[in-house]
Number of protein chains: 2
Amino acid sequence: MRPALSALRQFLTQNKLDGFILPRGDRYLGEYVAPHDEMLAWLTGFTGSAGFAIVTQKSAHLFTDGRYQTQGQQELQKSGFELRHSVKDKFDEDLTAAFPNGGILAFDPWLHSIDWHRQTVKKFNTTKWQIEAIAQNPIENLWQNRPIPQKNGAQIHPLKFAGETSADKCARLGSELAQQNIEAEFINDPTLVAWLLNIRGRDVPHIPVVHARAMLHASGRAELFIDPRKLNIPLDPHIDVRDPDDMAQSISSLQGKTIRLPANNTPYAILQMAQDANIKTDTAPSGIMLARAIKNPIEQNGMRNAHRRDAIALAKAFKEFPSLVANELQIAQQVASHRSHHEHYVEESFPAIVGWRGNSAIVHYRPDDKNSAKISGSGILLIDSGGQYLDGTTDVTRTITIGTPTAWQKEIYTRVLKGHLAISRAQFPIGTTGSQLDTLARQYLWEVGLDYDHGTGHGVGSFLSVHEGPQSISNRANSTALVPGMVLSNEPGCYIENEFGVRIENLVMVTPSAQTGFLCFETLTFVAYDENLIEKSLLTEAELEQIKIYHQRVQQIIQ
Amino acid sequence: MRPALSALRQFLTQNKLDGFILPRGDRYLGEYVAPHDEMLAWLTGFTGSAGFAIVTQKSAHLFTDGRYQTQGQQELQKSGFELRHSVKDKFDEDLTAAFPNGGILAFDPWLHSIDWHRQTVKKFNTTKWQIEAIAQNPIENLWQNRPIPQKNGAQIHPLKFAGETSADKCARLGSELAQQNIEAEFINDPTLVAWLLNIRGRDVPHIPVVHARAMLHASGRAELFIDPRKLNIPLDPHIDVRDPDDMAQSISSLQGKTIRLPANNTPYAILQMAQDANIKTDTAPSGIMLARAIKNPIEQNGMRNAHRRDAIALAKAFKEFPSLVANELQIAQQVASHRSHHEHYVEESFPAIVGWRGNSAIVHYRPDDKNSAKISGSGILLIDSGGQYLDGTTDVTRTITIGTPTAWQKEIYTRVLKGHLAISRAQFPIGTTGSQLDTLARQYLWEVGLDYDHGTGHGVGSFLSVHEGPQSISNRANSTALVPGMVLSNEPGCYIENEFGVRIENLVMVTPSAQTGFLCFETLTFVAYDENLIEKSLLTEAELEQIKIYHQRVQQIIQ
């Protein structure tokens with residue numbers, strides 16, 4: 001058993017708590033977490049990107065989804081933790097089965113959203129369990145040799161890349177708040193802070209943001225809560241810089257007014273602050289997310305330019321692969337290295353997925369120092385990678401064959417490609433959501449009884465997170481209509497376990513179509529498809545023409 | 001000005017009310033309304049199937065949707081009512097603009113659902129208006145010469161058609177309630193009462209139900225609230241017959257327990273009864289709707305059989321059209337007459353839509369005594385009709401050409417047909433919703449900048465309403481997964497205003513596909529498509545084959 005687990009149990013006993021829940025995540029509730037905040041890994045040994053632990057005196061469970069079941073089994077050996085499936089297993093049922101008389105499950109209110117709190121209270125309604133926010137997360141004291149937090153400074157994101165001044169953004173979004181009788185919106189998500197205030201940073205891997213929070217006022221003024229040591233840049237006069245310790249004070253100054261705390265990405269701790277100060281709250285989603293998703297003309301051009309450089313880098317990298325003696329990780333490094341020679345490049349937009357043969361069938365596979373298959377012989381190689389450039393963010397997946405593919409591999413590749421092409425050329429009425437388009441990408445796989453267990457497309461930021469909302473192309477309902485300027489991925493796939501996987505991904509931008517009342521997509525990514533994997537007899541004339549025109553444009557761009 | 005309007009205003013003055021809202025509908029909140037309950041038509045003169053009136057001393061507005069704007073303009077002439085668009089215009093804004101200091105808007109709590117009440121309270125939150133339920137609807141006293149209510153009796157729906165005894169249905173749905181700690185569910189919708197208790201009636205046109213309500217207990221017992229004069233049939237022993245006046249008493253007997261009142265189709269008046277008696281309420285949707293939607297094997301066979309007879313009737317009718325000297329209404333009557341010769345036929349499942357030339361472009365057009373175009377010369381004729389048979393309900397639309405169609409008519413017909421065929425042959429994973437399939441039907445129209453402003457498919461009852469939930473194939477989000485046994489329409493269309501409209505509709509039934517984990521549709525309707533309208537160059541080989549096989553089956557069935 002890990003000493004961390006015993007230490008946590010001792011804390012529970014001393015504090016008369018029956019259990020503690022710890023998610024993988026930090027106080028910014030984001031996707032990427034700095035080493036300093038990897039509390040779940042410290043407690044359990046599990047290093048996957050999603051999950052949570054529940055510890056009681058009787059049990060220690062680590063819940064994670066289908067992607068991480070194998071990895072979880074390995075990492076949890078001798079940890080004292082038992083692996084659970086976060087979709088199939090229910091922690092509230094577990095707790096009730098183990099302790100029918102109930103108990104108190106403690107949680108750190110900074111690590112869970114208002115939504116999480118609501119749903120969990122509801123879940124526990126039919127049990128004798130209760131949840132209780134605790135002021136001090138026990139891990140803070142228990143964790144010896146904790147990594148030091150990043151102390152990188154904030155940087156200005158210049159207008160030539162941002163395309164709109166922060167003052168203008170704050171004024172127009174502030175007036176949206178005013179129309180809803182909301183005095184201020186609290187912004188906990190550093191990527192929203194970064195977009196709204198035109199600042200960037202290096203506090204987490206892959207997402208160029210600085211750890212900071214903000215409050216936007218209906219007047220168009222903004223308060224920025226940031227460690228003063230991180231701020232060595234001059235900010236626009238509409239921004240008031242505050243110490244993070246002043247948040248409660250800023251919130252309590254809104255007496256008699258309403259504060260917006262978006263339930264999905266505001267920590268429960270902030271709601272507590274507002275409630276303690278008797279401030280009225282509104283927990284509807286943030287309007288800032290939608291505003292950010294609609295790229296302005298400068299951002300649109302930046303995205304186009306970044307993708308042209310990305311295309312040139314990838315063309316060079318892909319040319320080398322067939323003759324390269326390398327393992328998966330080396331390929332990932334090679335791709336990053338090619339990107340790094342280009343103007344405005346900063347870092348990878350996520351850890352590259354390079355999967356050889358059976359590994360290509362693992363959707364979230366990622367090679368590392370310990371695990372990295374050597375490319376040799378013939379097979380399928382899947383490469384999903386992207387770059388952060390000052391003027392845009394890229395994300396592209398290509399599946400290629402080394403040696404001669406089988407007929408089955410070609411059929412699957414071609415059916416995935418047909419779906420990808422259907423999204424690329426779709427024309428759809430104004431008001432259409434990404435959910436309405438999703439099936440266009442799946443239909444050719446469904447015909448033969450195949451499918452893929454992920455969305456078809458996610459939103460992408462502009463020198464921000466490679467995953468951003470509110471739009472998506474998904475089989476889950478999403479009520480956000482697609483609007484010109486939104487950028488999404490178009491990435492159908494198909495995975496034959498232990499054999500091979502196919503995914504083909506371009507980024508596309510929503511744009512008005514020639515037909516009044518309709519929209520379509522402009523493709524941003526220009527990297528050739530592998531013609532060896534295309535089974536032409538499955539394609540229509542129109543699809544063959546579509547591929548031909550695309551490959552001509554790739555040639556124009558990379559030469 | 002209509003005398004009814006002056007009389008209502010007098011009532012408002014006498015009762016110190018500032019306004020009254022009256023919807024088109026009855027106390028059963030259903031789609032079809034008996035003449036006795038056509039209060040909105042009496043008050044305003046408007047006879048459309050959807051809308052509501054708001055009367056104040058200053059204003060009298062009739063709100064209805066896009067379908068009825070033209071008809072509304074005509075019918076409201078000299079009525080004193082002004083026409084409003086129920087989607088584009090907002091009655092709360094109207095009221096606030098006219099009376100900034102607010103007022104009391106009265107409503108009849110029997111004519112509005114719990115959902116309507118909630119949404120309206122929320123709407124009024126930002127105004128100084130309030131809504132107030134009144135005990136007695138003023139129209140009851142004001143309406144002279146009101147039609148006499150239907151006094152038709154209830155009939156048994158025999159097991160050979162229903163396929164499951166009422167006792168079994170009540171036991172399994174009662175135990176679902178028990179699992180949720182719900183003591184009883186109140187059922188206000190006569191079509192749900194009919195399905196659950198295996199009874200039918202003739203109280204409203206087109207839907208074979210009797211006006212009655214019920215309460216299902218977790219024990220599997222049911223109370224039926226029905227006018228005793230309507231009940232001359234023996235009922236199963238698990239059913240307790242009650243006078244409608246005993247509803248409040250039955251509800252108040254649930255002390256200390258929870259009653260389910262589905263918010264979407266329970267009148268607010270029932271919630272008031274429960275609240276007055278201090279009974280706990282749960283307003284989640286009814287599980288009975290989903291159970292009803294999944295047809296059992298006997299109902300499935302009944303649907304197949306009813307559709308075979310329907311196919312024979314329609315084949316005869318369609319053969320006559322080109323040589324028939326007739327107007328639209330006569331065609332509708334002719335179709336109904338052909339159906340009526342067949343076993344188990346009861347009535348039309350809705351008033352037939354027969355549209356000639358420009359009229360075919362009006363989605364909810366319906367010929368009547370006064371308005372009925374004569375078919376002569378060449379043009380497009382759209383016929384949307386259906387039958388109620390004891391063993392099933394049908395609904396079919398065909399668009400045919402009389403004379404030679406234009407290239408434009410053929411292109412549109414063929415694109416609609418391609419969408420219709422795509423739904424017919426779709427194979428999709430278990431768990432797929434109708435919303436995910438909708439775009440398959442629209443994609444070929446979108447390609448050329450066309451679309452249709454209605455859903456692709458609605459659920460269909462089994463000798464019950466031709467429109468039933470919870471499933472649909474729609475561009476609106478619908479989270480209900482398709483399940484084997486559900487019946488839906490498949491009816492894409494396209495409408496060129498003042499010129500012509502095309503709609504092609506079959507009923508289909510969800511069924512397991514040969515591929516494990518996947519579902520597909522079994523087509524129930526067998527009526528030939530008009531080959532004169534098919535532009536073969538727009539079809540793939542696979543689509544041509546699909547049509548050929550379908551036409552072969554039509555021939556087998558009708559000969």
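1. Let's start with A:Glu468 and A:Lys295: both residues are buried. In this predicted model, the two form a salt bridge, with the closest N and O atoms 2.8 Å apart. A:Glu468 belongs to strand E23 (residues 468-473) of chain A, while A:Lys295 sits in the loop between helix H12 (287-293) and helix H13 (297-320). The pair links distant parts of the chain, 173 residues apart.

2. Chain B has its own version of this pair. The side chains of B:Lys295 and B:Glu468 meet in a salt bridge at 2.7 Å, N to O. B:Lys295 lies in the loop between H12 (287-293) and H13 (297-320) of chain B and B:Glu468 in strand E23 (residues 468-473), so the pair ties together parts that are 173 residues apart in sequence. B:Lys295 and B:Glu468 are buried here too.

3. While you have E23 on screen, look at the backbone. The peptide bond from A:Gly469 to A:Pro470 is cis, with omega near 5°, and A:Pro470 lies in strand E23 of chain A. In chain B, a cis peptide bond joins B:Gly469 and B:Pro470, again with omega about 5°, and B:Pro470 has its place in strand E23 of that chain. For context, most peptide bonds are trans.

4. Now for the other salt bridges. Over all chains, the count comes to 50. One of them pairs the side chains of B:Asp227 and B:Arg229, at 2.8 Å, N to O. Which of these two is buried and which exposed? B:Asp227 counts as buried because its relative accessibility is 14%, under the 20% cut-off. B:Arg229 is exposed, with a relative accessible area of 58%. In chain A, A:Asp37, A:Glu140 and A:Arg146 are worth a look as well, as they are linked in a network of salt bridges.

5. On to the interface. Here 19 residues of chain A are in contact with 19 residues of chain B. The area buried between the two chains is about 1600 Å², and carbon and sulfur atoms give 57% of that. How many salt bridges cross the interface of chain A and chain B? The rule finds zero. For polar contacts between chain A and chain B, the count is six residue pairs, both residues at pLDDT 80 or more.

6. What does chain A bring to that interface? Strand E21 (427-429) and helix H16 (434-446) each supply at least two residues of the side that touches chain B. The largest share, six residues, comes from H16(A). By type, the residues on this side of chain A divide into nine nonpolar, eight polar and two charged.

7. How do the two copies relate? A turn of 180° with a shift of 0.0 Å along the axis lays chain A on chain B with an RMSD of 0.1 Å. The copies are therefore related as by a two-fold rotation axis. The same surface serves both copies, as 100% of the contact residues of chain A recur in chain B.

8. Next, a polar side chain to check: B:Gln546, in helix H17 (residues 541-558) of chain B. B:Gln546 counts as buried because its relative accessibility is 18%. Its side chain makes a polar contact (3.0 Å) with the side chain of B:Arg425. Leaving out residues up to four places away in sequence, B:Gln546 touches B:Leu421, B:Ser424 and B:Arg425.

9. In chain A, have a look at A:Asp189, in the loop between strand E8 (184-187) and helix H9 (190-197). A:Asp189 counts as buried, at 17% relative accessibility. A:Asp189 and A:Gly30 are 159 residues apart in sequence, yet 7.1 Å apart in space, C-alpha to C-alpha.

10. Finally, some phi angles. Most residues other than glycine have a negative phi. A:Asn181, however, has a positive phi, near 60°; this residue is in the loop between helix H8 (166-179) and E8 and counts as exposed at 64% relative accessibility. A:Arg357 also has a positive phi, near 50°. A:Arg357 is found in the loop between strand E16 (353-356) and strand E17 (379-385) of chain A, and at 36% relative accessibility this residue counts as partly exposed. In chain B, helix H11 is followed by B:Asn278, whose phi is positive, near 60°. Buried residues of H11(B) (residues 268-276) include B:Tyr268, B:Leu271 and B:Met273.

Methods
Residues numbered from 1 in each chain as written. Chains lettered and ligands numbered in written order. Predicted model: local features only at pLDDT ≥ 70, side-chain atom pairs only at ≥ 80, totals over all residues. Heavy atoms only, no water. Contact = heavy atoms within 4.5 Å. Buried area = accessible area lost by both parts, 1.4 Å probe. Salt bridge = Lys/Arg side-chain N within 4 Å of Asp/Glu carboxyl O. Polar contact = N/O pair within 3.5 Å; in protein donor to acceptor, adjacent residues only side chain to side chain. Helix = DSSP H or I, 4+ residues; strand = E, 2+ residues; numbered from the N terminus. Nonpolar A, V, L, I, M, F, W, Y, C, P; charged D, E, K, R; others polar. Least-squares fit on C-alpha atoms with pLDDT ≥ 70 in both. Buried < 20%, exposed > 50% of the residue type's maximum accessible area, 1.4 Å probe, protein only.
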